[in-house]
Amino acid sequence: MQISVRAYSNTSEHQVGTDLTKLNPPVNLLFELVGIGKYVLKLPRCPGTGICQFGGNVVSGFGSRYMECSLAADGHAPKFHRYW
C-alpha cells in the first residue's frame, strides 16, 4: 500500500504530509488508491487473523507505513520499508 501512496503522490499535486480532508473538495485517499483502474485492485488482507489498519487521509512520508497489520508486533510487518 505504501508504494501506491508514493505513486499517487508522484502523479498528483498532493505531496507528503498533505491532509486530503482539508482540501476543497475533500479527497478520500483510500478511495483514490483502491479499485478498478487504480493503484491497487483490492484491499490487502492479512494472511493470518490480523486486521489491516490504514493511515487515513494524510499522504504518508518515506519510511512510514500507510497500512499496518494489527499483528505487526508478531512479525506481520515488512522488515525493509525505510525507502518506501
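How far is the sulfur of Cys52 from the closest cysteine sulfur, and which residue holds that sulfur? I started with this, keeping in mind that the model is predicted.

**Entry 1: cysteines.** I looked up Cys52 and found its sulfur 5.7 Å from the closest cysteine sulfur, which sits in Cys69. That is too far for a bond, because a disulfide needs the two sulfur atoms within 2.5 Å. I then turned to Cys69. The closest cysteine sulfur to its own is in Cys46, at 3.7 Å. This distance is also over the cut-off of 2.5 Å, so I noted no bond between Cys69 and Cys46. My count of disulfides came to zero. I also checked the accessibility of Cys69: it is 12% in relative terms, so Cys69 counts as buried, the limit being under 20%.

**Entry 2: the chain as a whole.** I listed the secondary structure and found two helices and two strands in the protein chain. Along the sequence they follow the pattern α-α-β-β. The protein chain has 84 residues, and 29% of them count as buried. I noted an exposed area of about 5700 Å² for the protein chain, with 57% of it supplied by carbon and sulfur atoms. I then looked at contacts between residues at least 6 apart in sequence; 50% of these join residues at least 24 apart.

**Entry 3: the nonpolar core.** Which residues make up the largest nonpolar core? I wrote down eleven: Met1, Val5, Tyr8, Leu20, Val27, Leu29, Leu33, Val34, Val40, Val59 and Tyr66. Helix 1, residues 2-11, and helix 2, residues 29-33, each supply at least two residues of this core. I picked Leu29 for a closer look. Leaving out residues up to four places away in sequence, I found that Leu29 touches Tyr8, Leu20, Gly56, Asn57, Val58, Val59 and Tyr66. Among these, Tyr8, Leu20, Val59 and Tyr66 are also listed in the core.

**Entry 4: Ser9.** Is Ser9 buried or exposed? I found a relative accessible area of 3% for Ser9, so this serine is buried. Ser9 lies in helix 1. I followed its side chain and found that it reaches the backbone oxygen of His14 at 3.0 Å. I also listed what Ser9 touches, again leaving out residues up to four places away in sequence: His14, Gln15, Val16 and Val59. Val59 is a residue I had already met, as a member of the largest nonpolar core and as a contact of Leu29.

Key:
Residues numbered from 1 in each chain as written. Predicted model: local features only at pLDDT ≥ 70, side-chain atom pairs only at ≥ 80, totals over all residues. Heavy atoms only, no water. Core = buried A, V, L, I, M, F, W, Y, C linked by side-chain atoms within 4.5 Å. Buried < 20%, exposed > 50% of the residue type's maximum accessible area, 1.4 Å probe, protein only. Helix = DSSP H or I, 4+ residues; strand = E, 2+ residues; numbered from the N terminus. Contact = heavy atoms within 4.5 Å. Polar contact = N/O pair within 3.5 Å; in protein donor to acceptor, adjacent residues only side chain to side chain. Areas by Shrake-Rupley, 256 points an atom, 1.4 Å probe, with all protein chains shown as cover.
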